[in-house]
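Student: Could we go through the charged side-chain pairs in this one together?
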Amino acid sequence: MPVQALSYVYARALARSTNPASVQKFAAICEEACVAPDVVKSELEYLLKNTPDFFLDYIALGKEIGKEATSKQLNNVAKTIRGGAEFKALLKNKMSLGSATMANFGNLYTASLPVWLGAGFLEAATSDKVDEYTKTLGHKDSPIVMVGYGSGDAAECTELTTKASTWVEASRRINIVDALETTKVVVTEEQYRGLHSGKICEDICAGARKGTFVIDRVGTRNEAAFQDIGLDYYKYVM
């Protein structure tokens, strides 16, 4: 999904660019996608000016014209971009750091963004290109944007600042790889299925948790004076 998002942003940037080289590149990609450039630009202008309510459009226009139809040709261009060598090189340059480490994790939901960030910075800080990365950042703190996606309104965008003087040390100290190795609990297939289905309710990781916060209980009160139903209460395990 992040790759799809990047290709979509890439397509939008090309469609809106007035740079002659970018205009030419956009036209070539549209030709490969069998799409007219003006049609793609019209879809984009509609999205930018009208901020349509896709749900209401779906209800009003029917199943055959829903969310995808509003930017269908733009999506076709993005799909064509994803298959190109230039975009694959961009992915390797911009989105490869931390990928190998993150392959060891499942869907972390809320933790996905910070763990991806930690994994990416750790690989940069421990690679033979660390001097190159440090030079790229320079001696000034650099602003970065974390963009997370989710269902419905769960997506989030957070502005952060990379500290030029401490990012290498901090990344090595957090060390996502070591943290995974020292805290992981190996489960059998039977245990995994039981945990996933809810048949196993006991905490099979109780003995492995030290120096961390865990969920102690889940709130159940739903009264006029106080409600905590569904809220997690944490405790610190020494």
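What follows is a chat about salt bridges in this predicted model.

Student: How many salt bridges are there?
Tutor: The count comes to 6 salt bridges in this predicted model, and among them are pairs that we can take one at a time.

Student: Which residue does E169 pair with?
Tutor: E169 forms a salt bridge with R173, and the closest N and O atoms of this pair are 3.7 Å apart, which falls within the 4 Å that the criterion asks for.

Student: Where do those two sit in the chain?
Tutor: Both belong to helix α11, which spans residues 167–174, and since E169 and R173 are 4 residues apart there, about one helical turn separates them.

Student: Is E169 buried or exposed, and what about R173?
Tutor: E169 is exposed, with a relative accessible area of 54%, and R173 also counts as exposed, at 60% relative accessibility.

Student: Switching helices, what does R193 pair with?
Tutor: R193 forms a salt bridge with E189, where the closest N and O atoms lie 3.1 Å apart; the two residues are found in helix α13 (residues 189–197), 4 residues apart, or about one turn of the helix.

Student: And are R193 and E189 buried or exposed?
Tutor: Both R193 and E189 are exposed.

Student: What about R221, which residue does its side chain meet?
Tutor: The side chain of R221 meets that of E223 in a salt bridge, with an N to O distance of 2.9 Å.

Student: How accessible are R221 and E223?
Tutor: R221 is partly exposed, with a relative accessible area of 39%, and E223 likewise counts as partly exposed, at 39% relative accessibility.

Key
Residues numbered from 1 in each chain as written. Predicted model: local features only at pLDDT ≥ 70, side-chain atom pairs only at ≥ 80, totals over all residues. Heavy atoms only, no water. Buried < 20%, exposed > 50% of the residue type's maximum accessible area, 1.4 Å probe, protein only.
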